[in-house]
Amino acid sequence: MNAWREASPTARLLLVAVLFTGLTTFMFLPLLAIELTARGIPAGRTGFLVGLLAFSGQAFSLLTGLLVDRFGARRVMAAGFLLRVLGYGLLGLGGAGAPAPLVAGIAAVGVGGSLLGLSTKTLLVSQEGADPRTMLALRSTFVNVGVVAGPALGAAVYPLGFGWILAACVLSHLVLGTCLVLRRSVTASRSRPAAGRAPAPAADGAPAAPWTLRQWLPLCGLGVAYWAIYSQLNVLLPITANEMTGSAAAISVVFTANGLLVVLFQYTLLRHVFRRATARTLLVLGFLAFACAYAALIPLAGWYSLLAFVVPVTLAEMLIGPSLDEQAVSAAATRRTGLALGTMSAAGALGSLFGSSAGGYLLQSARGGSEVWLLLVGSSLAAAAICLLLPKVRTRHV
């Protein structure tokens, strides 16, 4: 992979950190509810704790962005590693009779993940030697390796005890955190230009200026829309897949195929196939792919509909997620990359909350009909139209 060879040693180490933290996170995450229940914690409290993990990982995105810009991505990353190590340790101590360590541990893991994710993303898009689109594509690929392999590895280790999974999480974060924090070259080099240096020119040769609020609003709206639509993979699709196929394993097939397709094609798609396309064009294509994916579910044709759904929904994920971040980075003022990425993460949190809440209500109202899929197709097409309100900024390839 040329981009890996051309990336700086620091960028490679950051990508390795993304890989192993993602791998251990997805060893831990799918088994958390099972482990809490096994410790004698009631189902209601277990649901609260799992929800707390998601909330604490998303609710502080905007604040995390401000911290990255104020104190530097390296310091925020160090705090993220430290919080996660402490959180995993506390999770090993908690139980039905000791809820305080559990609550503190889950909150620490969630907030630490927010600090870690946003700081490493900021560092990656700011590294010399590759353009932000390439780094975001590589990051997405490495994250999805963890999504695919982590649950299988966690299932293999879990019979030995949940403590072994927590130990793997602690060890990986300690080793990677120490290597990254002690490496002096880990800085956001492009986000802090030398004094007197002019901003990088835009596609038409004019200096690139930060976006106005009116330009930011459509982008934030698209962030909310993307995660509201994408969240239906966790809300509507598992129930519908089971009803259409009669198999509880159907949703696992969808997620496995989705993760493998992202790992295999994410980098190639953004780096080679759509190399010259603007981020705005990729967003339009992505939301159109969403419309095609949910249109495939309208006939409710069992496995045929489900398999026809997988490819376009994966294409939408591969195009939209990195392109939203790329647009945010391009729109950010000098030394505000962290805030820009944090804003997109906060929009994602709002979209996930809205989508999850609305999805269950829609499914109940539609009573197994196709109306919900028609609504999602319409929402995807509306989002594609809103993309045209964004400025047309062409990516500068290094």
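This is a walk through the structure above, from the whole chain down to single residues.

Let us begin with the overall picture, keeping in mind that the model is predicted. The secondary structure of the chain amounts to 16 helices and zero strands. There are 398 residues, and 49% of them count as buried. If you look at contacts between residues with a separation of 6 or more, 84% of those in the chain involve residues 24 or more positions apart. The chain exposes about 17600 Å² of surface, and carbon and sulfur atoms supply 69% of that area.

Now turn to the interior. In soluble globular proteins, nonpolar side chains tend to be buried together. Here the largest nonpolar core has 45 residues, and F287, F290, Y294 and F309 have the most contacts inside it. Seven stretches are worth finding on your screen: α10 (213-230), α11 (236-245), α12 (250-273), α13 (279-295), α14 (303-331), α15 (337-366) and α16 each give two or more residues to this core. The greatest share comes from α14, with nine residues. Apart from this core lies another one, of 31 residues, which includes L115, L116, F142 and L176.

F287 is a good residue to click on if you want to see how parts of the chain meet. Leaving aside neighbours within four places in sequence, F287 is in contact with L222, Y226, I229, I320, S380, A383, A384 and C387. Four of these names will come back when we reach α16: S380, A383, A384 and C387 are among the buried residues of that helix.

Before that, take a look at α14, the main contributor to the core. This helix has 29 residues and reaches 42 Å from its first C-alpha to its last, close to the 42 Å expected at 1.5 Å a residue. Along the way α14 bends by about 25 degrees at V310, and a proline, P312, follows within four residues. The helix is mostly covered, with 22 of its 29 residues buried.

Next comes α16, which covers residues 371-387. Its 17 residues reach 25 Å from the first C-alpha to the last, close to the 24 Å expected at 1.5 Å a residue. The buried residues of α16 are V372, W373, L376, V377, S380, A383, A384 and C387. Seen down the axis of α16, these buried residues fall within an arc of 145 degrees, so they line one face of the helix.

Where does the loop between α13 and α14 come into this picture? I298 has its place in that loop. With a relative accessible area of 25%, I298 is partly exposed. Not counting residues up to four places away in sequence, I298 touches S370, W373, L374 and V377. Of these, W373 and V377 are on the list of buried residues of α16. I298 and V377 are 79 residues apart along the chain, while their C-alpha atoms are separated by 9.6 Å.

Let us now move to the other end of the sequence, to helix α2 (residues 9-28). At 1.5 Å a residue, the 20 residues of α2 should span 28 Å, and its end C-alpha atoms are 29 Å apart, which agrees. Of those 20 residues, 15 are buried, so α2 is largely enclosed by the rest of the structure.

Three further residues show what lies around this part of the chain. The first stop is T120, found in helix α7 (residues 99-125). T120 is buried, with a relative accessible area of 6%. Leaving aside neighbours within four places in sequence, T120 is in contact with L14 and M77. The C-alpha atoms of T120 and L15 are separated by 8.6 Å, although these residues are 105 apart along the chain.

Our next stop is P30, in the loop between α2 and α3 (32-38). P30 is partly exposed, with a relative accessible area of 43%. Setting aside neighbours within four places in sequence, P30 is in contact with T25 and P151. The C-alpha atoms of P30 and P151 are separated by 6.6 Å, with their positions 121 residues apart along the chain.

Finally, A156 sits in helix α8 (residues 132-157). A156 is exposed, with a relative accessible area of 55%. The C-alpha atoms of A156 and M27 are separated by 9.4 Å, and the two residues are 129 apart along the chain.

Conventions: Residues are numbered from 1 along each chain as its sequence is written. This is a predicted model: local features need pLDDT of at least 70, side-chain atom pairs count only at pLDDT 80 or more; totals for chains, interfaces and linings use all residues. Side-chain values use heavy atoms; hydrogens and water are left out. The expected span of a helix is 1.5 Å times one less than its number of residues. Buried means under 20% relative accessible area, exposed over 50%, partly exposed in between (1.4 Å probe, protein chains only). The arc is that of the directions from the helix axis to the C-beta atoms. A nonpolar core is a set of buried Ala, Val, Leu, Ile, Met, Phe, Trp, Tyr and Cys residues joined through side-chain atoms within 4.5 Å. Contact means heavy atoms within 4.5 Å. Accessible areas come from the Shrake-Rupley method with a 1.4 Å probe; for residues, only the protein chains shown count as cover. The bend at a residue is the angle between axes fitted to the seven residues ending there and the seven starting there.
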